[in-house]
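Subject: Structure for you to look at

Hello,

Here is the structure I said I would pass on. Please open it next to this email and follow along; my notes come after it.

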Amino acid sequence: MSHLPWKPIRLRNLEQQIDQAFDELIHGQWGICPPSGKWQPEIDIFETPDFYLVEADVPGVDPDEIHVTVDEHSLTISGWRRSGCIEQSAQRICIERRQGSFVRRIPLEQPVDPFHVTRENQAGILRLQIPKQKLSPPA
C-alpha cells in the first residue's frame, strides 16, 4: 500500500476561487461589475537613519477625513471615502471604486517622536515624515 503525503485543503483559497468564478459567470456575461468590498489604502514605508517616510494612496478622500495618530511605536491612519456620485436619480451600472471607512495600523520598530510629524496631502497621496527619537549614547 503506497502512502501519499497528506496535504490539507486550503478552504479559504478555494472559497475565494469559487466566489470569483460565480462573480465572473453571473456578472461578467452581462457587463455588470460585482459589488465592491472593503477598501484599504495602499501604503509604502521607507526608513532612513533619522525618520520613517510613509506614503498612502488616498484618492477621493477629503484631507479633513484622514486622521493620523502616532505614538512611540506605531502609526494609525484612518478615514472615510465617500461615494463619487452626487446625482441621486442616477442608476448604478458599474461600481468598482470602493468606499467606506478604513483603518491602517503600522507598527514601527524604532521609537519615534509623535510631536514632530510632518504631513502633506497632494494629488491623492498622503505623505508623512515621522522622525525617530534621538537615542542618547550610553554613559
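Is L75 buried or exposed? L75 is buried, because its relative accessible area is 0%. Please keep in mind that this is a predicted model. I start with the chain as a whole and then come back to L75.

**The chain as a whole**

The protein chain has one helix and seven strands. Read from the N terminus, the order of elements is α-β-β-β-β-β-β-β. The chain has 139 residues, and 20% of them count as buried. About 11,200 Å² of the protein chain is exposed, with carbon and sulfur atoms supplying 53% of that area. If you take the contacts between residues at least 6 apart in sequence, 56% of them join residues at least 24 apart.

The mean pLDDT of the chain is 81, and 69% of the residues reach 70 or more. In residues 30-36 the pLDDT is below 50, and this stretch has 15 contacts in the model beyond near neighbours in sequence.

**The core and L75**

The largest nonpolar core holds 18 residues, and the members that touch the most others are V54, L75, I77, L126, L128 and I130. Two or more residues of this core come from each of β2 (51-57), β4 (74-81), β5 (100-107) and β7 (125-131). As general background, nonpolar side chains tend to be buried together in soluble globular proteins.

L75 sits in strand β4. Setting aside neighbours within four places in sequence, L75 is in contact with ten residues you can look up one by one: V54, V68, T69, V70, R104, R105, I106, L108, L128 and I130. L75 and I130 are 55 residues apart in sequence, yet their C-alpha atoms are 9.2 Å apart in space.

L128 is another of the core members that touch the most others. Leaving out residues up to four places away in sequence, L128 touches Y52, L53, V54, V68, L75, I77, V117, T118 and R119.

**Strand β4 and its partners**

Six of the eight residues of β4 are buried, so to speak of the strand as mostly covered is fair. One of the β4 residues is S78. With a relative accessibility of 19%, S78 counts as buried, because the cut-off for buried is under 20%. Not counting residues up to four places away in sequence, S78 touches E65, I66, H67, F102 and V103.

β4 pairs with strand β3 (residues 67-71) in the antiparallel sense, over five bridges. A hairpin of two residues joins β3 to β4. Within this pair, V68 has I77 of β4 as its bridge partner. β4 also runs antiparallel to β5, and eight bridges join them. There, W80 stands opposite S101 in β5.

**The open sheet**

Which order do the strands of the four-stranded open sheet have? The order is β1-β2-β7-β6, with antiparallel pairing. β1 (43-47) and β6 stand at the edges with a single partner strand each, so one side of each is left without a neighbour in the sheet. Neighbouring strands of this sheet are turned by 15° against each other on average, direction ignored.

You can check the pairs in turn. β1 and β2 are antiparallel, with five bridges, and they form a hairpin with three residues between them. In this pair, E47 stands opposite Y52 in β2. β2 and β7 are also antiparallel, and seven bridges join them. Between those strands, E55 stands opposite R127, and L53 has Q129 as its bridge partner in β7.

The side chains of β2 alternate along the strand. Y52, V54 and A56 point to one face and are buried, while F51, L53, E55 and D57 point to the other face and are not buried.

**A loop residue to look at**

A123 lies in the loop between β6 (118-122) and β7. Its phi is positive, at about 55°, although A123 is not a glycine. For comparison, most residues other than glycine have a negative phi. A123 is exposed, with a relative accessible area of 78%.

That is what I found.

Regards

Conventions: Residues numbered from 1 in each chain as written. Predicted model: local features only at pLDDT ≥ 70, side-chain atom pairs only at ≥ 80, totals over all residues. Heavy atoms only, no water. Core = buried A, V, L, I, M, F, W, Y, C linked by side-chain atoms within 4.5 Å. Buried < 20%, exposed > 50% of the residue type's maximum accessible area, 1.4 Å probe, protein only. Contact = heavy atoms within 4.5 Å. Pairing = 2+ DSSP bridges. Axes fitted to C-alpha atoms, helices over the stretch in contact; angles between N-to-C directions. pLDDT = per-residue confidence, 0-100. Areas by Shrake-Rupley, 256 points an atom, 1.4 Å probe, with all protein chains shown as cover.
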